[in-house]
Structure formats: C-alpha cells, structure tokens
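Grab a pen and work through these exercises at your own pace. Try each task before you read its solution.

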Amino acid sequence: MTAATIIHVVASGLATGAIYALMALSLVIIYNATRTLNFAQGEMLMMSTFVAWAVQRALGLPLVLTLVVAIVAGGVMAWLVERTIIRRAIGGTHWDVLIITVGLSLILRALAGLAWTHDEFPFPSFFPSAPIVLGPVRLAPVSVGIFGGSLALMAALWALFRFTRLGRAMRAVAQNQRAARLMGISVERMYSTSWVLAGVVGAVAGVLVAPVVFLSSKMGLIVINGFTAAVIGGFGSMPGAVLGGMFLGVLENLAPLYLPSGIRYSVPFVVLVAVLVVRPAGLVGRIERRKV
Amino acid sequence: MSLVASLLIALVALVAVGPAMAQQGVSETEIVLGCSNSFSGPLAYTGEQATRYGVDLYFKALNDAGGINGRKVRTVYYDDGYKPQEAVANTRKLVEQDKIFAVIAPQGTAPVAATLEYLEENKVPLLFPFQGSPITRGKKYVFSGMTLYDRQSKMMVDYLVGQRKFKTFAVLYQDDDYGKAFLTAYEKDLARHNLKIAAAEPVKRGVTDVSAQIAKLRAASPQVTFLVLTPGPGAQALKERQKIGWTDTVMVSSGPLTDEKYLGLAGDAAEGVEGLSLWPDPLTSDLPGVKAYRAAMQKYFDKNEPNRYSLSGYVAAMLFGEGAKRAGRTLTRETLIGALENVKGFDSGILPPLTIGADHETQKQGFWVRVEQGRFKQLTDWLKSD
Amino acid sequence: MSLRRVWPLVALAALAVWPWVAPRYFVFLASLVLVNVVVAIGLNLLSGYTNQLSFGHAGFLAVGAYVAALTTIHAPAVPVVVTLLIAGAFTAAVGLAFGVPCLRLGGLYLSMATLAFGFVITEAILNLDTLTKGADGLRVPAARLGGWPLSSDTTRYYLTAVVAVLLVAAAVNLVRTRPGRAFLALRESEIAAQASGIPVALYKTAAFGVSAFYTGVAGGLFAFVVGFLSPDAFDVFLSVDFVVMIIVGGLGSVPGSIIGAAVVTVLYDWLAAFQNYRPLIFGTILIACMLFMPGGIVRALEPLSRRT
C-alpha cells in the first residue's frame, strides 16, 4: 500500500470516526443525565435526516436550510419522545427505558419504511466530489468536510457544557441527581434537555453522513458503532467518546486494507467485546461502583 | 340414519368430490401466483419494482381486459430481505397456506437457490426468477427469467476482449452465489482467450462500503473492472474510485446491475461506466412492447418512473399470460409447463422473439451500453450468447 | 381434580392431537411455537431470573442450529437426540466462554456485550463458509430417529413437542429447587443475595450456561423444522423478538415464557401480509407492556388464578 493510499484511508477513517464520535456523544449525553441508554438514537438520526430530505425535495430548499430542518425535526422528535414516553418509565429500572427505546427503534424504522419505502436514496452533499489533490495524495472533500463539521459541533458542545449555566446544570445532574435537585435544578428539565441535545447532535451527524452512506431506513444501525466508540473511550466520558470514535473509524478503515476486506464489519463488535472483557473502563473512563 | 353412517357418507362424498377441486391455486374465477421477494434490504427497490410495478402492472391491465380464459390473476408477496432462510420460510407459506399455483418472479440468486429443493419436492413451478445462476438449468419445474450468468459472462468477455481488445480484468463481486457464479464464469471465458483475472475482491452481501476493495483492486491496474453487486455497493464503487482519482479503468456492471438506479445513487461519479444491458431502455425505447409498458405505467402508476426491473416483471407476467392462455381452460401445472415449452418465436415487443424449448431458458440476450449524461446509451446490437 | 392439575393434562392432550386436526402449515407453525417456547424459557432463565438482559440470543440459536445441521450432514449415524444434546452442549460451552469474562460487567454493559456477541457469532458463521456455506445458506437434511428420517412436518412436530415438554418440565422443577430459589434471590437483589452467602458469580455463570443450553437445543430443533439456515436470518431483530416474548409473557415465569412465545410467534405469522407494519406493532406492544403491563400477561392474569 502506498503512502498516498494510507493517507486517503486514514482521512476517510477520521471522517467516519467523527460521525461515530457524534453518535457516541449523543448516547453519553443522555446517559449522563438520565442513567439510561437510548437504543433508538440511530433511528432518530435516520428520521430527522429523512424529514429534512422530504422537505428539501418538496420545497426545493438550499442545503443549509435542510440542515436547519433536520435539527429542528431531531430536537422536536426527541423532546416529544422524552416527555410522552420516556418520562413515564423513569421511575423504573434502567432496563425499562432501554427496552422502551428498543421498541421505539422498531417503530421508527417501520414508520420510515411506510413513509418512504426501504429503498436507498442519494442525499445532496455540502461538499464537491472532485478530490483535493496534494501532490500524490488525494483527499476527498467530503471526508475533510465531515471531519471539520463534526469538530465544530464538538467544540460547540464543549463550550456549552463548560461555560453556560445550562451546561453546568447538566453536569451537576450527571454527578449527583439528589444534590442537584437540592440546589434547585429541575432534574426533569435536564432530562428533556439532554434528549433534545442528543437529537440535535444526531440530526447534524445524519445530514453529514447521508451523502456517503445513502439515506435509507437502515441508517440507524450506526448507533452500534457509536456505542462501541463510547465504550472504548470509557462510557460516560465525553472526551473519551470522541477519542473512541476516531480510533474506531480509523481502525475500521485500515483493517480491511491489510486483512481480508470482510473484516471491516467484525471490527466494532470484536473491539467491543475485547474492551469489555479486558478493560471495561475504556481508555479514559472509570467503572462506577454501586453503593449498597 | 345413525350418526356414524351419515358421517361415513359425508366422508365418502368429500373424497369423491375432492379430485374435482383440481389444481391448487386455480379456481373458477382466479389464478393465484406469488413469490418471496425483497421489499427491504439491499434489493428493496428492485424487488418492489419487479413485483408491484412490474408483474402486477401487467396483470392489472390483463385483468381489466378480462383475464386469462375467464380467470383473473391475483398475486401474494412476502418480504425476505434478500435472506435465503426467510425466502424458504416465505415460500413454504405461499405454497401451503396461500395455496399458490406457481411462484413467479422471485429475486436473488441465493434466496431463489435456497427454495429450489422445496419447490421441486412439492412440484411447484418456479417461473422467471430475477436471477441467472446456472443452478436452475435442467430443472423440470423451473423456467429462467433472466439471461443466465454464464451466457452474460460470455457476451461480456467476448465483446470486451474480441471487439475492444482489453487484456487485464479485475472483479468486484458479492460474496455469495450471485458473485461467485459470475466469477467462475469470467474465469472460464477469459481462459478461452488465454487471459486471467488480475485481481478479485469479495463484498459481503448487504453492506455498502467498498473502499478497501477498490484500493486493493486499483493496485492491480486492471483495464476493466467488473461490478457484480447490488445497486448500493455498486454506486459506492463508482463514488469511491472517483474519490481516489482512479480514472484509468472501465467500470462494467453485470446484467442485473445495469440500470439507471445505481447510476442515480452515484451521482456524477457515473460517467464513463459501461455494462451489459439485458433490457431495452424502458424510458426511451421505441419498441411497441416498451411503449405499451410505458402507457400502462402511466395509466396505473403514473408517479412511478419506468425502469428495467419493473420491465422484467412485466415481461414475466406477459410470458405467464401467454403460457396460461395456451394451456386453456384446464390449467394445471403440467399443462402450463407443456404450453410454455412450446412457445416459439413469441414476440413480446420488447425482446427479440422468444423460443422456449426443453432447456426452459426464456432469455438469452443482452447488448452493450455506456453511460452518457446519466443514461445508458446503446452501443451494440443484441449480442450472441451461444 | 383441581383446575391447576387439569391444565397440563389438557395441554398435553391438545399437543398430541394437533397434527390430526390442523392443516399442514399450522403443524409447522406449532413446531415453531414450541421451539420459541424453549428459547423463551432459556432467555427467561438468564434475563428474568438473574437480571442479565440478553440481546444476543439469536446468536445462541444460530450456534445450536448450525451444530445440529453440520452433525447431521457429516455424521448422519448419530441419533437425533444425541445431535440435539451435542448442539445444546456446544452452545452452553460457547455461552460459558462468553459469560465468564463478562460476568463482572453489570447491567447495560452486559446487555451491549450480548448484542455484540450475537453479531460476532453470525459473522463467524458467515466467515467459516467452507464449513457452513456462508451467505448462500445451508440445507439441513432430515433428522433420523432410529433409522427413520423425520421428513414430514408431523414427525418433526412430535420430536419438537416431546423435547419441548421435557425441557419445560425441567425448568418448572428447577425453579422449585435450591438453585432455583437462589436465582430468584438474585433477581430481587444481587447484593442481598451475596450477603446471604449465595455465590453470585457462580450462579450467574450457571444461568448463562443453562440458558445457552436451552437455546442451543432449540436451535437444533429449529434447524430440522425450518430445513434451511442462513446466518443473516439470526440478526439482532430476532434477538429482540425473543426479548419481546418474555416481556409480553412475563419476566421470570415459565408460564409467561410459554404464553409470550406463543403470542409472538402466532402474531408474527399472522401479520405476514402486513410485513411493513409488523415492527411497528411489535414496538408498540413492547412499549405498551413496559408502561402499562410490567409483569407481562402472566401478571395481568394473576387475579384469575391462585397464586403460586
């Protein structure tokens, strides 16, 4: 393999990894606030992207507005789901919400199939298709674009959590719910906020990645890569989610180059099992110990 | 009369009347056909088009015109998502519960191959599957619905080597019966010209990413790269090679892939692509049958764009209609098979005149195409596959 | 004779007579229900009793199915009962190999690990294609019972019914024994159980093994009943279907497993004409169950019967 090929593959890997990182961040944001896992995160991404696509086709919107539509759709859907369904189950065990989100993922997938069939569709891209030529190296603008766009969103999230009151409130709830409540923070409001935030992040990821993987009802399966990324980085840690995502993306793209091409799809699962068995705390995180 | 006696008489009556209930799937007023096909998964589009907008399109028009010998045709479909195990389960349901007369236009090499044994055991005709693996050859109850892959390969290789003088070939193939059947056929046909395949990379069924495979194939510098894939990964192959700037190879799609569908997914990466087209251009062809097909589509499904997949289903239904018509009012599986075997020079208005003989092959044709401004343009006449 | 005593007898009689009164396709469907009952019981042993929710049981089913199929292909002299035992044992070994290192993982981590495990298994089956025929699928020859091939739906049904009844009886008895009570204690509170001297790790491992054994045997039966296997059919959605069964039926309950398996299997087939709506309906049922009927059908019907 020439150096040019490897650079190209790593660039693609970083782009894919950035999407996984965004997925992982969505999962972690919800988990930190509510201690539950949203199995339907991928399907919500898929739905927001489909809605944006449908609106774009019907009204002929420019791409930037399409992104806005996706964000609004993602946020609203997340808010509705949290308030009407998840909120009711929040008193139960963490299984309950997980199972509910499993049911939700089935429902969303079926709805997408009913509305738009299970076919795959091309999605317009922000970025041109002609490769960027740097000597012998060729970089795909879409890889650079996805990476850059994701990075920008991650920076915005970091700023949100670090500098705003809302961010501090969410971090407080993540650390200790009871104390946060005593401090006057509405824990329920933080639940909704975390879901809406996750929905928005998912929507952006969806619009970025759809031109590459094509828009279809099975786009949601990307949540599994997101989960693996979050575990690699230490589930619950946001920087860990980003690192985990990048690592997974690059690994997935490099492995089939040197090993049989089919290995690509085993990578996230093998890595997940390996990390869980050997070092469940991940690269960065810490395993919680339950107090009796 | 005692209860037992009357029960016995009822039973005897039932047995006596039984045989008059004749052929499964054929009643006084209707014929029931069906198949397991893809309505989800990698072939969701092609499956939906071949059945609901292809087979059903023809039968809608036929039923409105009175049906076949006084019977209307009804179809039942189940989704197997391109999975062989599901196809077997669905087919069993169709035969045992929905009591279909025959299977028509199922799709996918692996799923169809999986159902062969069951259908043969139960003597159910398998008509015009949308697949071309030679495994269906020589089976009494099977009539092929697509030019078989070994014939396709012969046409493709003979044209590329004989007329275009290409010498180095690579293959990007789906890692199952579909891909491997083509791979073996290419190897054989190239060997006849004293050539070998320079590189071959498998792609798992159901996945879309082919970036690693394209990188590996490029390293072998082939003049021609065969794509034996479904529309998703097929389009990805075109996009990927554009991304890495690999311009000095001709991408050639296999028969089932050659349609504007995967070009549409590839966007502007689709320029210069060539392929073997098994069907005339459904949108622009002036052949009388194709025009009739377009008119029917306009009448019944005006929002649906004509494509080769629905055209193939349309022809499958047309062939069934012809066979059933000739079999007459006493329509049984045996009379249908006999009628189909006697079809000589049947003019569909779409394909060259069809003669189905004992080999049960309904199609043996194809012609060369190249993409120009987003559509496949015809380059040659019908090629020979014998 | 109380109603409680009569129920099992009536059920057994109905099972025995079924192929004589039902059309061929419903005999096949009944076999499928029985296979799913065994899987549901296996899954319930793990998830209902020891609180380890598994999203990978389709993987165990696949292992059992392929082992049984390959044994029948390559060693046709082996009697079918032994084949099923081999399938169960092999799957149990795989389950233990997986369970042991994952034991210390709690809750969500374990569930996600089972999800990954399910994928790893199907990938492995796909990649071992010289043995398993990979993506093209494997034809399962007829099982042989003492020299007679079980080549009709009815004979396969009886094999499935007998095995299922035996395994159900074993499960019912398990719950009554000391290990069974230990399982129940584990469900209530792992920490309390540990404090009472129950070796939690050992029992959790055992639960994995037994659950895998049950699912492996079910896999073998599945292979014979369905007759054709391909790895893509053993996907995460199948695992989710099994979870739906035990949620709908009732976690940690043998009657719940039976009811849940029957309801879900029949509903699944019944909705075949509405395949586009099927996941919608199943997802809604799942959510409705979690919100409004947390103990499943069994808990909802409790007022109608005496308590255990």
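**Exercise 1. A patch on the surface**

Which residues form a nonpolar patch on the surface, with about 690 Å² of accessible area together?

Solution. Keep in mind that you're looking at a predicted model.
- Step 1: pick out the members in chain A, which are Val64(A), Leu65(A), Val68(A), Val72(A), Val76(A), Trp79(A), Leu80(A) and Phe126(A).
- Step 2: take one of them, Phe126(A), and place it in the loop between α4 (94–116) and β1 (132–134) of chain A.
- Step 3: check its exposure. Phe126(A) has a relative accessible area of 32%, and a patch takes residues with over 30%, so Phe126(A) passes that cut-off while counting as partly exposed.

**Exercise 2. How far can you trust chain B?**

Find the average pLDDT of chain B, then look for a stretch where the score is below 50.

Solution.
- Step 1: the average for chain B is 91, and 94% of the residues score at least 70.
- Step 2: residues 13–21 of chain B are where the pLDDT drops below 50. Apart from near neighbours in sequence, that stretch makes zero contacts in the model.

**Exercise 3. Two interfaces**

Describe the contact of chain C with chain A, and then the one between chain B and chain C.

Solution.
- Step 1: for chain C and chain A, count the residues involved: 35 from chain C and 40 from chain A.
- Step 2: turn to the area. These two chains bury about 3,600 Å² between them, and 83% of that is on carbon and sulfur atoms. On the chain C side, Leu108(C), Tyr109(C) and Met112(C) supply 19% of the area buried against chain A, more than any other three residues.
- Step 3: look for salt bridges across this interface, and you get zero.
- Step 4: now do chain B and chain C, where 25 residues of chain B touch 26 residues of chain C. The buried area is about 2,100 Å², with carbon and sulfur atoms giving 43%. Gln85(B), Arg92(B) and Glu96(B) lose the most area in chain B, together 30% of what that side buries.
- Step 5: count the salt bridges between chain B and chain C, and you reach nine. A pair to look up is Asp232(C) and Arg205(B), whose side chains meet in a salt bridge at 2.7 Å, N to O.

**Exercise 4. A glycine in a helix**

Is Gly220(C) buried or exposed, and what is it in contact with beyond four places in sequence?

Solution.
- Step 1: find Gly220(C) in helix α10 (residues 200–226) of chain C.
- Step 2: its relative accessibility is 0%. Buried means under 20%, so Gly220(C) counts as buried.
- Step 3: list its contacts outside the four-place window, namely Gly64(C), Ala65(C), Ala68(C) and Leu84(C).
- Step 4: for a distance, try Ala14(C), which is 206 residues away from Gly220(C) along the chain; their C-alpha atoms are 24 Å apart.

**Exercise 5. Positive phi**

Where in chain B are Lys165(B) and Asn194(B), and what is phi for Lys165(B) and for Asn194(B)?

Solution.
- Step 1: recall the usual pattern. Most residues other than glycine have a negative phi.
- Step 2: Lys165(B) has a positive phi, near 60°. Its loop runs between α5 (149–163) and β6 (169–174) of chain B, and its relative accessibility of 57% makes it exposed.
- Step 3: Asn194(B) also has a positive phi near 60°. You'll find Asn194(B) in the loop between α6 (177–192) and β7 (197–203) of chain B, exposed at 72% relative accessible area.

Key: Residues numbered from 1 in each chain as written. Chains lettered and ligands numbered in written order. Predicted model: local features only at pLDDT ≥ 70, side-chain atom pairs only at ≥ 80, totals over all residues. Heavy atoms only, no water. pLDDT = per-residue confidence, 0-100. Contact = heavy atoms within 4.5 Å. Patch = residues over 30% accessible without salt bridge, like charges linked within 9 Å, V, L, I, M, F, W, Y side chains within 5 Å. Areas by Shrake-Rupley, 256 points an atom, 1.4 Å probe, with all protein chains shown as cover. Salt bridge = Lys/Arg side-chain N within 4 Å of Asp/Glu carboxyl O. Helix = DSSP H or I, 4+ residues; strand = E, 2+ residues; numbered from the N terminus. Buried < 20%, exposed > 50% of the residue type's maximum accessible area, 1.4 Å probe, protein only. Buried area = accessible area lost by both parts, 1.4 Å probe.
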